[in-house]
Amino acid sequence: MIDIQETLRTNWPFHYYHQTLQEENVKRIILSAMIMIWTLGLVVTGSTLPAFTAERPSKLVMTAIPDDSAENMREFFGLIAQHIENKVGIPTEYVHVANYAASVTALATGQADLAWFGAVTTAQAYIVMGDELEVIAARDIDKEFIGYFIANADAGIPPVNDLKELTELAQDKNWTFTFGSKSSTSSHMMPRSFFTDQSGQNPEEVFRTVAYSGSHDVVLQKVANGEFHIGALGQPPYDRASDELKLKAPIIYTTPKFTNYNFSTRKGLGSELIGQIHAALLSLHESPEGQKALGYLKSKQFVDADMSEWMGYVDLIKSGVDIGG
Amino acid sequence: MKPRQLDRYGSKRPWKHWAGMVIILVLVAGAFTSAEWDFSSLLDSQQRSQAFTRMLAWIKTFSSPDFSPEFLKHSWALTLQTLSAAILGISLAVVLASLLAMGSARNVMVGEEKARGWMRHFPLRSPAALMCSLCRLTQDILRAVPDFVWAVILVAVIGLGPLTGALALALNITGILAKVYSELWDSVEESSYEQVRILGGGRLATLFYGIAPLAARSVQSFTLMRAECAIRNAAVIGAVGGGGLGADIWYQIQFGAWSKVTTLLLFTLALTLTADLASNFIRRQLRSDPNHPRTVRAKSTFGQLSRAYVGVGFTLLVVCWSVWFMGWGDNAPPGQQSRNYLEPAIKLITSESWQNLKFFERMLNPELDLEAVGLGDREKVRALQAEGKTVDLFAEYRFREFWKPSAWVAWELELRKWFVWRVVKSSSIPLAMAIVGTLMGVLAAMALTYPHSYAFMVESSHFSGESPPWWVRVQRMAQLVVAKGTGLISRGIPDVMWAFLFIAFFGPGLLAGTIAIAIHSMGVLVRVFSESVDNIPYRRFEQSFIGSRLNCFAYTAGAMSWRDWMTYSFFQFESNVRTAVVFGIVGVGGLGFFFTFNFEWFRFERAGTYLLMIIALTIIIDRISRMMNLSRVSC
């Protein structure tokens, strides 16, 4: 192997080698100086640029947890955005996300201004945002929300009085079970919590597989077509489904009442603007597009809400939900 | 003969093949024992019939896809969105990856050095070497973190929209491309670019005039191959607000809306095919193959020179289109106004939005659960000990009882109390899926290579001396077409979508994921396998032809391209491990599942531990492949 440095040193004229070395050094110094100035410039311009959230934002971004099909949600939440725009006078846009965590992250980092959360996501947002989070409105049905356990009609699973009975029925049956999304309240957290409270066992210990289908309507679909024996979901998605589907997947258990969805915002918007959005939401049933959206949401109107009603969930999540792993 | 010469023959004994086979057998055995395989969907007659009804229902819809104008328009809009975001992501990735690869290629960053042998793998030998391994670490992290996680992290910086998805895609592909670029550059022989250094060129000059031109061909073809993959896999765009084909197919599959699934799959296939043709076009313009009979034909000077410009111009045109479409085109998701999605990019240069990254700070502080192994805070350790929740490894069996199988079981049970051990164990599911899936895919690809090869199906008379009648030629042509079609469909449909389909058929589990990986790997591999067979000059076959084409394929073509096949297979295995982790996210379980669960519940400390495991897996496999020097890609 030829050592090139060695070859250069012995065979080439000394002064020439020396010169190139010097040139090289100068180049290097200039280059590193340029890089330093450049980074410094970036940092300085970055820190002195004006803040983007002015007193009154030029537009509002609204998002929601994806618990239904994207088309439905774009249509009906688009209507709510339209209503808010008309009342508040700031262009409002609904941005659909396919991920629960993305919606919480967006509100917590100020990339969204208004978010439609479930109870679990509200609690998660509270844990990461603290008092910056403000709950402004909820549906009338959200204060007394219920969830359903449904079973495939052909599986021959009778309605049960409590979930202890269900675990006894499930012994040695190799039944499969599906929740909705992991971060969902009425299709995962509360059914799971009721299940463990009443039976003293985790669903994973009782059923052969416990899966997460993604959203409420998918749970109904998968139980109805026999992919899973039993599933859990919230009330409005079940109520709005077709009778044919309901026949194929009858309810076997109705959970006790709990608090659920709400519209949350961040205090950074300023109390005046929050007040206007609050008023707009409470008057949703007065406009035609609002009526349409409320029909989809299975509700008569929006009512006042406060974070304190969701604090129970914060404690529940902080105490830890056992998901294995 | 001197004994030393005899030793040379001794060392040439093909023990490495046997070692390789034993290792593969051990890995497969490990894959089947360490993870829980649920075959009930195949063995239980009722479940089997259900799975087959669903499959049948899906196949039936192929005759009646949903071609209503409304849905076609919807699918077309989704296709354009996917395409523009994917192209934007890739072009950014190519730029970033070339910069990063300069840092992580040993012969660019470190250059000439005295270190030989194992010292070359030791990062602390010089400051430049340390820099080099840091760059490699960066690219491993970029690649290992699933793209949807990058997307959620970027939401904090630039908000919601397709640009976020494109940037997330860019970060992920940067990791992949930088790894490949640096490996390809490193695999160029030092002696081939020595002249540049002797003439006084620095390390950058060596790269630009020596290393890069020598590796350009492989770099270019790998970039284009990656681009096709990215266009197919751009499902991430939907995760953070932008639509896209992948997200929609996932949704429709869950509903059993098979006719819509078929339409969307057809659009995906068409997109893949177009990407395939376009990349082949660019490849043809930028590369001349002196062995190909077509290039012998004389061309005008203009014809020769213009090709490179046509290739580059076409690429630029495509990139410009994607930028224009995202900014000013008709890019509305269904039911919404189109707007400029490039605007949020300005947030990238304000420090305020970068501060939002603090939101994820807790991920850097992974939970190691040291209390469970008796380290860390004394009081907590005592509290846990009182509950019997600490690991007391030698409580039941002493260390010297290691020969008892029951001792290992007891030790394992004891270790399970430690969170980190559970994390490590959860990686057995993606590994098992990747090992079995890749093996099945490689075997299937080898079998399919024969009918897939142009040389053996159409031009075999060039070396076999036979002159088959027309009906034999038609039959062989038919074989070729069927094989090519099979390959195209199995690689044209992304692996995640295969997984969606098989989860819908068999229910979530290892089985569905493994089949998906096997089918997709087969499609990808059969193409490169048969390319390497078709690149062998026919006179090599002529010498060894003994009357049977199949024999010639097995003993000559197979043996000659074996090394290439193994290189590609190992690459495929590496990417399959990452795919298997992602499958955990869509419901197969294991490492990916627990990671997303903790991530989506904002338990960043625990998610951090799982992420460390994912990164560790990537790094281990990468370093093994670098040490085995497999990267001699000749595509």
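This briefing covers model confidence and one sheet of chain A. The structure is a predicted model, in which local features need pLDDT of at least 70, side-chain atom pairs count only at pLDDT 80 or more, and totals for chains, interfaces and linings use all residues. Residues are numbered from 1 along each chain as its sequence is written, while chains are lettered from A and ligands numbered from 1 in the order in which they are written.

**Confidence**

- The model scores ipTM 0.71 and pTM 0.79.
- Chain B has an average pLDDT (the predictor's confidence in each residue, from 0 to 100) of 81, and 90% of its residues score at least 70.
- Among the elements of chain B (DSSP runs numbered from the N terminus: helices are H or I, at least four residues; strands are E, at least two), mean pLDDT is lowest in helix α1 (residues 3-11), at 59, and highest in helix α20 (residues 428-452), at 94.
- Over residues 631-635 of chain B, pLDDT stays under 50; the model has 15 contacts beyond four places in sequence for these residues (C-beta atoms, placed from the backbone, within 7 Å).

**The sheet of chain A**

- Six strands of chain A form an open sheet with mixed pairing, in the order β2-β1-β3-β10-β4-β11 (strands pair if DSSP finds at least two bridges between them).
- Strands β2 (92-94) and β11 (302-304) of chain A are at the edges; each has a single partner strand, so one side of each lacks a neighbour in the sheet.
- From one strand to the next, the twist averages 30° (axes are lines fitted to C-alpha atoms, for helices over the stretch in contact; angles run from 0 to 180 degrees between N-to-C directions).
- Strands β3 (residues 114-117) and β10 (residues 262-266) of chain A pair in the antiparallel sense over 4 bridges; A:A115 has A:S264 as its bridge partner in β10(A).
- Helix α3 (residues 70-88) of chain A packs on this sheet, touching β1 (60-64), β2 and β3 of chain A; the helix direction makes about 170° with that of β2(A).

How values were computed
Two residues are in contact if their C-beta atoms, placed from the backbone, lie within 7 Å.
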